[in-house]
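Here is a colleague's note on the structure you asked about, set out as separate points. Please read it with the sequence and the coordinates open beside you.

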Amino acid sequence: MTRVFISRDSTALSLGAEQVAKALEQQASSKGLSAEIVRNGSRGLFWLEPLVEVETSQGRVAYGPVQVEDVAPLLDAGLLDGKQHPLYLGNIEEIAYFKNQNRLTFARVGLTDPVNIDDYLAHDGYRGLKNALALQATEIVKQVTDSGLRGRGGAAFPTGIKWNTVLNAPADQKYIVCNADEGDSGTFSDRMIMEGDPFVLIEGMTIAGLAVGATQGYIYLRVEYPHAKIALNQAIEAAYKNGYLGENIQNSGKTFHLEVRSGAGAYICGEETSLLESLEGKRGLVRFKPPLPAIVGLFGKPTIVNNVISLASIPVILDKGGEYYKNYGMGRSRGTLPLQLAGNIKHPGLFEVAFGMTLRELLYDYGGGSASGRPIRAVQVGGPLGAYLHESQFDTPLDYEAFAAISAVLGHGGIVVHDDTVNMADMARYAMEFCVEESCGKCTPCRIGSTRGVEVIDRIVEGVQKDKNTVLLRDLCDTMTYGSLCAMGGMTPFPVLSALNHFPEDFGLQSAKA
Amino acid sequence: MQDYQTQKPTVLEILNTHQAMPGNLLPILHGIQDTLGYIPPAAVVDIAKSLNLSQAEVHGVISFYHYFRETPPGEHTIRICRAESCQAMNGKALETHVKQQLGIDFHETTADGIFSLEPVYCLGNCACSPSITIDDEVMGRVTTEKFDRLLATYKGAK
């Protein structure tokens, strides 16, 4: 029986993968051809989705993008034997976009059946957990510290230090909370891992539990990701059945329970303390820090709150060692970052690479420039609270410190491309408007500052006392930056000020660039 | 609108099954909305009583989250992404077109009760912007023409 891979990833589905899978199954059987359709994750080359990969004697060969009407001609051309056809792409792993990545965290995504635990085990799955079970808690934390891993959710805090704090906090109960509330526009790597390789997240959380002595974990998943919820729950069930979750994991005497909880459409719940409030069943109002969640977290107990990609990076670190992971990257940014190319870009997708590549290389060499064919004018990196970069900044290496040096953030690695039809005053206004919509309301600079921000930008654009209002906007941004309780209000000035500084002409202002 | 008395047993049962769960308010609200399509305002009394919370606290939670609704939705819910990536691919023009075609604004339901329209901030489908969902199905690279075809299919399916 020939195995055929068609993705169950949301983006592939959004382009018709489900219909293609159904058509292929029906037409193959009516022609008396034997094909087993495996629903995998996506390789992340989204301009080629829906992608169909076939296991042949010469290896795995791909065809794409495949629409329903292509299925019959493809079968006639000898799809199941990997024969030539205009949609033939050959081995997808040989395409430069894929080949030049460093896939550590995403090693299995698109390759395996995401919810088949045997497939996971056959592709190096649970090797990290096996090693962790033979280690003392302090040794596990040391591996994570040695790896140099910093939180991939956005704040880039060293993961080892966070874990060590929870390890050393005495308590009768501790928790592992996975922040799967990926709400930034242009980001989808969490979703892809959860849909394409949920076991790697489950394994990472289990190792985290062993490392700090936590027996209960929660995945706080945004409600906008229904397919991820299905995949996670299928994988969790398989892990319980096979003794990788629950009591006495692999006869080690260790316990770890895991549950998925749904959010309810509030961006602020991606902020770790809001997330904890929401998990406790309350409004997602930001908590004052200190105390840190590592000391007083979920239900008042010491809690690790880590992003999906941070936790999904743990298995490879425990499998191959902290040093191995650390050998990728530059400066204080170690390992790899799954970047997400989105918006107006010809070759959108997921690109996992060691820190240090420049934005320009990524945008042009791999992204292929804008989708519209027009010049790229502005690129927002790091979500709606990230700065807009101007063409003159495209040579900045993708590195936490290099980005901080130009008042920008790498955040979660989301890259949204705009061509020259964008109006940057509109984008600045939208950033403020988004803050109005999504502020939790607890602190004044964020709640009221954003409302006033929209008004001030409107006045500048309308030409009402332009200079005076520009000064006022800068002052307001200053108040929001230094006076807000969390990053929502504190970082909204990033997109606003970067738009104002780099693209003043869109505000009807003269270029004041020094 | 349905009479709450007919919905009450469902609500009580959901409250009952979530009794021992830590931090159970959101799972309860999801349970009610998944089953009834919305959270009937009258259910707040029962939820508050069961969880030993004030009605204001329960109402505060429902109104805080964009996803929860206290009025029945149309047969199909259309969500349009308004975030940056979709804006970079003409999302705003699509938004205007959709509102015009349906003849409603966000948070409204068409007079025939078929479609409700909600804004959403990112569906994680940013590689194929602009994106919308119809019920639980995500659609990518949605042009105004593609939207009209989809709308016709859903109307036809009714």
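The points below take up the interface between the two chains and then a sheet in one of them.

1. The model is predicted, and the remarks that follow should be read with that in mind. Chain B and chain A bury about 3,600 Å² between them, with 58% of this area on carbon and sulfur atoms. On the side of chain B, the residues that lose the most area to chain A are B:F64, B:E84 and B:Y121, which together account for 19% of what that side buries.

2. The contact draws 61 residues from chain A and 37 residues from chain B. Between the chains there are 22 residue pairs in polar contact, counted where both residues are at pLDDT 80 or more. At least two residues each come from α2 (25–36), α4 (55–64), α5 (84–87) and β5 (137–139) of chain B, and α2(B) gives the most, with 4 residues. The side of chain B that touches chain A is made up of 22 nonpolar, 9 polar and 6 charged residues.

3. The interface holds 1 salt bridge by the rule applied, and the side chains of A:E433 and B:R82 meet in a salt bridge at 3.9 Å, N to O.

4. Chain A contains an open sheet of 4 parallel strands in the order β8-β7-β6-β9. Because β8 (257–262) and β9 (303–307) of chain A each have a single partner strand, they stand at the edges, and one side of each is left without a neighbour in the sheet. From one strand to the next, the twist averages 20°.

5. Strand β6 (residues 175–180) of chain A runs parallel to β9(A) and is joined to it by 5 bridges, with A:C178 standing opposite A:N306 in β9(A).

Methods
Residues numbered from 1 in each chain as written. Chains lettered and ligands numbered in written order. Predicted model: local features only at pLDDT ≥ 70, side-chain atom pairs only at ≥ 80, totals over all residues. Heavy atoms only, no water. Contact = heavy atoms within 4.5 Å. Buried area = accessible area lost by both parts, 1.4 Å probe. Salt bridge = Lys/Arg side-chain N within 4 Å of Asp/Glu carboxyl O. Polar contact = N/O pair within 3.5 Å; in protein donor to acceptor, adjacent residues only side chain to side chain. Nonpolar A, V, L, I, M, F, W, Y, C, P; charged D, E, K, R; others polar. Pairing = 2+ DSSP bridges. Axes fitted to C-alpha atoms, helices over the stretch in contact; angles between N-to-C directions.
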